[in-house]
Each structure stands twice: as C-alpha cells, then as structure tokens.
Amino acid sequence: MMIEEKLKQLSEDILIPDTLKPDQIEKKLQHAKAGHQSRYARRFTTRLAIGAACFLLVAALGNYLLASGILNISLDPTAGQNSALAPGYTAPATSPTQPREETAAPEGEIYETLRQKIALDMESSGSGLAYENEYDLAEAVPEKSKAADTAGSADSALRSSSKDYSGTNLQVQNVDEGDVVKTDGTYIYISATDTFGSSVCIYKAEGKNTKKLTEFTVDSINISEMYIKDHFLVLVGSDWEKQSTPTKKKSSGAYTENGIQQENTLVLVYDITDIEHPKQTFRKNQSGIYSNSRINGNYLYTFSVMYAVSADEKDKTEYYIPSVGGSLVPEDRLIIPSGVSSHAYMVFTSLDITGEDDFTDTLSILGGDDICYVSEENIYIASLVADNTKTTISRFHYQDGKLTENGEKTFRGRILNQFSMDEYAGKLRFVATTENSGRTKTSNGLYVLDENMELLGKVDRLAKSERIYSARFMGDKAYFVTYRETDPVFLVDLSDPTKPVVKDKLKIPGFSEYLQSYGEGLMLGIGSNINKNWDTQVKLTMFDISSDTNVREIHTKLLEKETYSLAGKNHKAILADAGKNLIGFATESYDKKGKQKITYRLYSYDRKKGFQKLAALSPKDMEMSSVRGLYIGEHLYLADGEGIGGIYVYDLNTFRQLAKVTK
C-alpha cells in the first residue's frame with residue numbers, strides 16, 4: 001500500500017484543526033515563497049499531499065504543535081534529515097558545497113511556537129511526545145561510498161617530544177579544550193573557587209625559583225575552565241548572580257512557590273601582555289548552565305544549557321527564550337528539531353578573543369544536551385530523546401566564528417562521551433549502546449554517517465548484554481571496550497567506511513575507561529579491575545595495535561591499593577607523553593582506618609619490562625579533581641588550586657622535591 005493511502009486511512013476520522021485547513025496551508029506556502037525557499041520548504045512544497053496527511057497523523061499522535069504548519073518540516077521518509085527549522089533560519093543546502101538559502105517569518109512567530117511547545121512539554125512532566133521520522137540505524141541499509149577516505153584528524157592526545165612543556169590532553173589537534181590549570185611553557189595559570197567567587201593565580205615557572213607573580217579574584221563566578229591564547233587569558237564558568245524568576249504556580253520539581261534562579265554562563269577575557277596586571281577586555285553572559293567550550297584559531301566557542309522556567313501566555317519571553325549578552329537570541333538563530341519534547345536549549349556563542357566587544361555569532365537549539373565532540377570544522381551535540389533509548393546527533397559547522405546548523409540524525413542507541421564520536425574525511429564515525437524497549441537487553445555497534453548525515457556503513461549487534469566503556473578512533477581504525485564481566489576490546493577496520501569490519505575481539509579481565517595512543521603501535525588503557533573479593537583496583541594496560549588484524553594486551557599493572565582514579569573519567573587529568581615516556585595521574589586509596597589518601601603516580605613504559613614506577617607524590621591536602629601534573633623543561637609541577645592551593649616543584653629525573661609555592 002502506498003504511503004499516501006496509509007496516511008489517508010489513519011486520518012479519515014481526525015478533526016482537522018483550523019491551522020491545517022487548505023487555506024491556511026496555502027498561506028504558509030505563499031509565505032515561504034516570499035523569499036528563496038530552504039531545503040525544508042522545497043520538500044514541503046513538492047510533497048504537499050503527503051505533507052498534509054502526515055500533519056494529520058502527527059496530530060493524532062499528540063504532536064499537533066509540530067504539525068501546525070508554523071514549521072517547515074521534512075516528512076520525506078527517504079530524506080534522512082529529520083529536523084524542522086524555525087522559519088527564517090538559514091538552512092543548510094542539500095549539498096555542503098551549495099549556498100545557503102533563506103526564508104522569512106513574521107516577527108514573534110517563532111517565539112510563540114517555542115512557548116507553546118515548552119508549555120506542552122512542562123504539562124507532560126517530561127513524558128515526551130511522539131517522535132516522527134525516527135531513523136533507526138539498526139534497520140538502515142548502508143549506501144555505497146562515493147569516494148575513499150583520504151584524510152582525517154590525527155589522534156593528538158600526545159604532545160611531540162620536541163616540545164619542552166606539556167599542555168592539556170586534547171582529543172583533536174588544533175582544537176584546544178579548557179581546564180583548571182594551563183601553561184604556556186613560561187607561566188602556570190591556576191583557577192580556584194572560594195566562598196565569594198573564584199581566583200586566578202599566575203606563577204613564573206623557574207624550577208626551584210618558581211614564584212607567584214599575581215593573583216586576581218572574580219566575585220560571584222565559579223570558573224569551570226580557562227584558556228591561554230597568545231597574550232589573552234579566557235575564563236568561562238557559571239555566574240552566581242542569577243536572575244530570580246517568580247512563578248505563579250508550583251510544578252513537579254521544576255518550580256518553587258517563591259520562584260527559581262535562572263543559571264547564566266559568564267565569559268571573561270583578559271589581556272595579559274603585562275602579566276602582573278591583567279586587564280579585562282570582555283565580560284558577557286549567556287543563558288544556561290556552563291556545559292563546554294573550545295578554542296580554534298582566535299575564536300572561543302562556548303556552549304551552555306538553558307532550562308525554560310515557565311511558558312504561560314502572560315510570562316515574559318526571557319522565561320522560555322535564551323538570552324546572549326543581555327538580548328534574546330534572534331528568531332532566525334533558533335532551531336527546533338522535529339519530534340523534540342524538551343524545555344532545555346543548547347546555547348552556542350562564538351567570540352573573537354583578540355578584541356571584539358560582542359559575541360561574534362550565536363545559535364540555539366531546543367533539546368540540546370551536553371555530550372559534545374568538536375572536530376576542526378564541525379560541532380556535534382548528542383542529545384537523548386524519546387524514552388532515553390534514542391539519541392539525536394546535531395551537526396553545526398563553524399568557521400571564523402560563524403555558526404551554521406548543518407544536519408542531524410536520530411537513531412536508536414546511547415553515546416557514552418565525546419570519544420565515542422570522531423570525524424574523518426568528512427564522515428562521522430561513532431559507537432553506541434542500544435537497548436530494547438524494556439531496557440533489559442543491550443548490544444553495541446559502530447556507525448558511519450556520510451557528509452549529508454546519511455548512514456553509510458555499520459557493524460552492530462556486538463557484545464550483547466554489555467555496554468561501551470571507552471572508545472578511540474585512530475585513522476581508519478576504531479577501538480572500543482565493552483564490559484560486563486570481562487573486557488572485550490574490539491578492533492574495527494574502517495578503511496572501507498561503507499563496510500566496517502570487526503577484525504578482532506580481545507577478552508581480558510577488567511575494563512578500560514580511557515584509551516589513547518602511546519607511541520608507534522601502542523595504545524594505553526586506564527581503567528579498573530574487580531578482584532575476587534569485589535574490590536575495585538586501578539588498572540593500567542598497554543595494547544599492541546601494530547597489526548591491522550588483531551590487538552594484543554602485552555602488559556598490565558594493577559594498583560592493588562588504589563581504588564579509584566579520575567583519569568578514567570577526565571582525560572584532562574592525565575599526563576601521557578610517549579616522547580618523554582611519562583604517564584601521570586592521581587589516585588585514591590584508603591588506609592585500615594578509612595582515611596583517604598590522594599597520590600599522584602608517575603610511570604614510564606618499557607616494551608620488555610612493562611610499566612615502571614617512577615614516583616608516588618602525596619602533597620598534603622591534594623584534591624584529585626583539580627590537581628594536574630605537567631612538565632616544563634627538566635621540571636615536573638603539581639599544580640592544584642583547590643587542594644594544596646599552589647604548586648609543588650620536582651626534578652623530572654629524580655622526582656626530588658625542589659620547591660613549594662602556595663598562595
């Protein structure tokens with residue numbers, strides 16, 4: 001039976017809302033034709049008969065607002081792009097190389113559409129609406145690749161041995177990530193929070209002569225991360241000076257009778273040409289809780305998550321529409337994905353840190369979440385949808401501060417973290433764990449999307465009843481770990497992205513929560529092992545990945561008294577440099593009386609002897625979450641703003657303590 005006939009049968013008994021009557025649909029189409037039509041408007045026009053029927057079906061499923069005709073929605077079952085853009089937004093063309101096209105929309109229409117959608121979501125108490133055009137990767141048929149992979153981003157977690165200092169452990173080369181400790185090879189910058197806000201201390205790194213040069217405070221802000229770029233210091237974090245929003249009613253968990261506090265993210269830039277007298281050059285807010293950020297070139301890209309607090313008809317617009325720099329995000333910079341049921345936004349801003357007095361660009365997507373992967377060209381946001389068994393990956397192109405929505409895909413499955421995604425030769429590869437509707441059974445798979453976010457290849461139904469614990473993509477190879485009782489390490493060959501092939505499945509005890517290359521033909525794993533007494537032990541593993549067809553565990557190191565390490569959860573807390581042959585991270589242990597001890601452990605690696613202990617450093621009051629190990633020249637520095645409140649300096653060869661510089 002043709003799709004039109006099926007939809008006709010389902011819609012025969014449905015009362016047609018006024019907004020869906022032919023005259024109203026025609027008005028919408030005429031409005032869309034007023035300017036150049038977007039990809040979504042063209043599909044709407046050419047498939048009017050199917051589109052009208054689909055609108056009725058969606059209305060029957062409870063998703064009336066999406067089908068009301070206010071939005072231009074792609075309903076082509078073969079289109080693969082299941083997103084609805086706010087009219088007036090510059091939509092991506094069908095090919096990445098084609099120019100963007102625009103449509104217009106009456107002022108205020110998008111704000112009102114969002115208010116209605118958010119109000120409905122709040123009324124449903126998070127139960128969610130029907131999802132249309134879901135693209136199930138488990139049932140999709142891979143398409144043949146048009147061209148072979150020719151280039152891609154390298155695994156850049158390691159700094160070259162020619163460098164004389166270590167930087168933040170990064171996922172993607174040339175894309176900097178923020179952290180609580182930074183160095184430029186001359187100075188060390190440490191941020192910390194206190195009861196009034198945050199502080200930044202700047203130290204001159206000179207071995208045993210290391211000294212603090214300056215300290216400045218920022219009231220009412222919790223600095224989450226910072227960056228050093230040339231002679232600029234960038235701070236990003238949560239602004240404590242929240243706007244109190246009174247509410248008229250009490251709703252389950254979201255409101256209080258006296259009102260709630262709206263979170264804001266604050267971006268600060270300082271000129272540190274005069275290192276002892278930093279000069280603030282930029283300070284502005286954006287709506288939402290700080291989520292993530294990156295720097296590429298001179299541009300800072302900041303992401304926050306804003307939750308609408310109320311969406312009654314008489315509410316102020318700022319209650320349910322995000323703001324940037326004190327102004328509402330313009331309607332043509334708001335994106336409404338199809339099928340989304342949410343009252344949360346991902347808010348994007350870009351900023352030229354070299355001297356701009358305002359954000360360069362802004363964009364906001366309804367339903368955005370905080371799993372973020374950034375390649376050298378694109379930002380990918382993975383958001384859970386439906387009953388938390390499906391994920392939407394939204395892609396945004398960025399260049400010189402300009403942000404452009406550039407496609408999305410919804411699939412069955414959940415993504416673990418940023419390392420579960422990787423862009424290579426214009427294609428997105430990712431691994432995900434899929435659950436059945438009852439969440440009692442799981443399986444895992446690897447998927448490849450082409451330049452248009454269409455499924456290109458896959459290998460799935462792997463490691464049933466297990467979940468993905470870590471992943472790493474290296475060129476045309478992918479490695480990922482699942483876990484239940486043993487640690488299967490999968491090697492997948494992606495040389496033909498249309499046909500990923502599992503080349504090996506190595507089963508070993510325990511699991512690795514973090515993977516990264518460690519010199520030629522080697523991969524380091526940091527994770528845990530559960531012994532026969534059900535005690536957790538930190539585990540180091542070195543894998544031989546020199547073969548294209550198999551992966552071997554060649555050495556392991558169990559830290560029997562160490563029960564936990566943040567290294568498995570936060571890659572920025574790891575110092576791993578194959579050139580220096582240095583592996584460092586903090587661990588946690590407890591004595592017989594239950595007293596906690598934090599130790600910064602350092603190892604080298606020998607291909608014959610395995611992991612070799614170099615040092616176990618335990619400065620008093622060290623905090624695992626904030627301590628960072630780094631080297632500059634022939635010195636190792638343990639920097640910690642929250643715990644020891646300063647820097648401990650060691651000889652990098654003997655690990656003898658040379659100096660202690662605190663606040």
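A salt bridge here is a side-chain nitrogen of Lys or Arg within 4 Å of a carboxyl oxygen of Asp or Glu. Lysine 458 and aspartate 460 fit that rule, with 3.3 Å from N to O. The model is a predicted one.

## Salt bridges

Side chains of opposite charge can pair when their charged atoms come close. By the 4 Å rule, the count comes to 21 salt bridges. Three of the pairs are set out below.

| Basic residue | Acidic residue | N to O distance |
|---|---|---|
| Lysine 204 | Glutamate 206 | 3.5 Å |
| Arginine 467 | Glutamate 435 | 2.6 Å |
| Lysine 458 | Aspartate 460 | 3.3 Å |

How do these pairs sit with respect to the surface? Take lysine 458 and aspartate 460: both are buried.

Lysine 204 and glutamate 206 pair through N and O atoms that are 3.5 Å apart at their closest. Lysine 204 has a relative accessible area of 22%, so it is partly exposed. Glutamate 206 is also partly exposed, because its relative accessibility is 37%.

Arginine 467 and glutamate 435 meet at 2.6 Å, N to O. This pair links distant parts of the chain. Arginine 467 belongs to strand E26, and glutamate 435 to strand E23 (residues 427-435). The two residues are 32 residues apart. Buried means under 20% relative accessible area. Glutamate 435 is at 6%, so it counts as buried. Arginine 467 has 36% and is therefore partly exposed.

Salt bridges also form a network. Arg333, Asp361 and Lys402 are linked in this way.

## The second largest pocket

Rolling a probe the size of a water molecule over the atoms shows where empty space is left. The second largest pocket has a volume of about 700 Å³. Its lining is made of 29 residues. Which of them are the closest to the centre of the pocket? They are Asn417, Gln418, Lys569, Asn570 and His571.

Five strands give two or more residues each to the lining: E7 (221-229), E11 (289-296), E18 (371-374), E26 (467-474) and E30 (511-517). Which element gives the most to this lining? Strand E26 does, with four residues. E26 is also the strand that holds arginine 467, the partner of glutamate 435.

The lining is mixed in character. Eleven of its residues are nonpolar, eleven are polar and seven are charged.

Terms used:
Residues numbered from 1 in each chain as written. Predicted model: local features only at pLDDT ≥ 70, side-chain atom pairs only at ≥ 80, totals over all residues. Heavy atoms only, no water. 1 Å grid on protein atoms, 1.4 Å probe; cavity = no way out; pocket = protein on both sides within 12 Å on 5 of 7 lines; lining within 4 Å. Points joined across faces, edges and corners; volume = space filled by probe spheres on them. Nonpolar A, V, L, I, M, F, W, Y, C, P; charged D, E, K, R; others polar. Buried < 20%, exposed > 50% of the residue type's maximum accessible area, 1.4 Å probe, protein only.
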